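Please consider the following structure, shown with its sequence. The paragraphs after it lead through its strands and then its helices.

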Amino acid sequence: HMENIKLILDKYSAEAKENFKELHEKYERFLPATFFSLGFVFDIITLGEVDDTSNLLMLGFYLCMLIFIVTIDYLEVCWLKSEQKLKRLFSEYKIDIFHFVAGALLSAFTLFYFKSSSLANSFIFLTLMISLLFLNESSIFQKQGIILRTSITMLCFTSYLIYIVPIAMGKTGPEIFYLCVLLAFIASAIAFFVLTKRNQQKEQNLKQLFIPHAVVLGLFMILYGFKVFPPLPLSLKYIGVFHDVKKQDGNYITKELNPSWKFWNNGDQNFEANPADKIFVFTRIFAPGNFAEKVYIHWLKETEDGLKSSDRIPLNITGGRSEGFRGYAFKQNYTEGDWQVKIETSDGLEIGRISFSVEKNKSIEKREFKEQYR
């Protein structure tokens with residue numbers, strides 16, 4: 001009876017494997033996008049704060065998987081005829097594994113970019129990630145598969161450095177960014193020389209490895225130069241406009257006139273000003289635990305020639321508070337019109353912003369402010 005049961009199980013196992021193989025071959029062209037998307041969804045569900053140890057370890061593990069798969073590609077290692085079942089399975093489905101892991105990494109960095117900057121900046125990176133997904137489905141890029149995979153790997157590797165090095169050093173800035181790019185360049189150069197020494201195909205290695213890596217690093221440099229790069233690992237938790245902000249017993253108390261039905265406003269974004277009023281901007285900025293950094297509250301006025309800088313007030317922040325470091329600035333000399341306040345790093349990268357309008361208070365009634373603890 002046991003032998004019959006084993007025969008039946010082997011039969012169903014063989015049939016199931018054959019059916020799975022047929023499905024895999026039938027829908028093979030959709031699998032990269034599917035696994036890429038699954039990785040994206042997985043990160044949306046599981047991703048925590050930027051400095052969570054679990055994130056550091058998990059993303060590091062994913063990155064090692066990408067590098068391992070690309071290394072096998074370059075070394076032309078094939079285990080399809082191996083006696084070890086795991087090696088055979090890995091060789092057969094390594095591209096699917098690559099796209100799942102790449103999706104998880106790219107989605108993690110995309111989410112961090114969203115948290116770490118205003119929508120205008122994050123949109124550029126989201127577009128880049130989605131473009132990679134579509135390019136991956138293009139027949140032209142599929143023919144250059146190794147080039148696409150090595151480019152994605154370098155993108156993830158550089159993003160990981162830009163993510164982990166500031167956390168380790170407790171600060172951000174241009175020197176940290178350029179250090180990350182330099183480390184990525186050195187890693188690429190070492191990989192190129194080691195591979196060339198092994199296969200003696202310098203021209204092919206330039207085309208398939210070094211040049212794609214250089215293009216990715218060049219893209220990072222360009223985006224940073226145009227100040228559209230997210231200031232990882234900082235992120236804006238909250239920003240609002242108020243008539244007054246006071247610190248009392250470790251708490252911040254804001255005063256506002258914003259009616260309850262305007263629930264979409266963060267405080268008095270429609271600021272009605274009396275002659276003696278000051279405009280207060282209160283903010284909460286998240287930073288990792290060992291972080292100590294100077295950021296700037298940048299006031300800008302909308303003019304006929306575009307936004308014009310008015311004041312740039314420094315704010316020293318420290319990390320470690322889950323709800324973000326709290327701080328505020330106020331402006332006394334202002335005029336009516338449309339205004340914008342940006343929270344920026346010392347090198348001008350934008351963490352977040354808020355827009356608001358200022359007009360004279362035409363009412364003669366006594367104002368009743370709403371107070372709220374922040």
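Phe-280 stands opposite Phe-330 in strand E8, a strand that covers residues 325–331. Helices (H or I, at least four residues) and strands (E, at least two) are DSSP runs, numbered from the N terminus. Strands E5 and E8 run antiparallel and are joined by 7 bridges; two strands pair if DSSP finds at least two bridges between them. The model is a predicted one, in which local features need pLDDT of at least 70 and side-chain atom pairs count only at pLDDT 80 or more, while totals for chains, interfaces and linings use all residues. Residues are numbered from 1 along each chain as its sequence is written, and side-chain values use heavy atoms, with hydrogens and water left out.

Strand E5 spans residues 279–286, and 8 of its 8 residues are buried. Here buried means under 20% relative accessible area, exposed over 50%, and partly exposed in between (1.4 Å probe, protein chains only). In a regular strand the side chains alternate between the two faces of the sheet. In E5, Ile-279, Val-281, Thr-283 and Ile-285 point one way, Phe-280, Phe-282, Arg-284 and Phe-286 point the other way, and all are buried. E5 also pairs with strand E1 (residues 235–242), in the antiparallel sense and over 7 bridges. In this pairing, Gly-240 has Phe-282 of E5 as its bridge partner.

The loop between E8 and E9 contains Asn-333. Is Asn-333 buried or exposed? With a relative accessible area of 65%, Asn-333 is exposed. Its C-alpha atom is separated by 8.0 Å from that of Lys-278, although the two residues are 55 apart along the chain.

Strand E9 (residues 337–345) leads to a further set of pairings, as 7 bridges join it to strand E6 and the two run antiparallel. Lys-301 stands opposite Trp-339 of E9. E6 (residues 292–303) is also joined by 12 bridges to strand E7 (residues 306–318), again in an antiparallel arrangement. Within this pair, Tyr-296 stands opposite Pro-314 of E7. E6 and E7 form a hairpin, with 2 residues between them.

A separate description applies to the open sheet of 3 strands, which has the order E2-E3-E11 and antiparallel pairing. Its edge strands are E2 (244–248) and E11 (370–373), each of which pairs on one side only. From one strand to the next, the twist averages 25°. E2 pairs with E3 (residues 251–256) in the antiparallel sense over 5 bridges, and the bridge partner of Val-245 in E3 is Thr-254. Strands of a sheet pair through backbone hydrogen bonds, either parallel or antiparallel.

The helices come next. Helix H7 comprises 25 residues (145–169) and reaches 36 Å from its first C-alpha to its last, close to the 36 Å expected at 1.5 Å a residue; the expected span is 1.5 Å times one less than the number of residues. Because 22 of the 25 residues of H7 are buried, the helix is largely enclosed by the rest of the structure. Cys-156 counts as buried, at 0% relative accessibility. Just after H7, Gly-170 takes a positive phi of about 75°.

Two packed helices are described by the angle between their axes and the distance between the axes. Axes are lines fitted to C-alpha atoms, for helices over the stretch in contact, and angles run from 0 to 180 degrees between N-to-C directions. The axes of H7 and helix H9 (residues 202–225) come within 9 Å and cross at roughly 40°. H7 is therefore oblique to H9, given that angles under 35 degrees count as roughly parallel, over 145 as roughly antiparallel, 65 to 115 as roughly perpendicular and the rest as oblique. The crossing of H7 and H9 is right-handed, a term used if the near helix is turned clockwise from the far one by less than a right angle, with left-handed used if anticlockwise.

For H7 and helix H8 (residues 174–199), the axes come within 9 Å and cross at roughly 135°. This makes H7 oblique to H8, and H7 passes H8 in a right-handed crossing. Cys-180 counts as buried, at 1% relative accessibility. The structure holds 0 disulfides, a disulfide being a pair of cysteine sulfur atoms within 2.5 Å.
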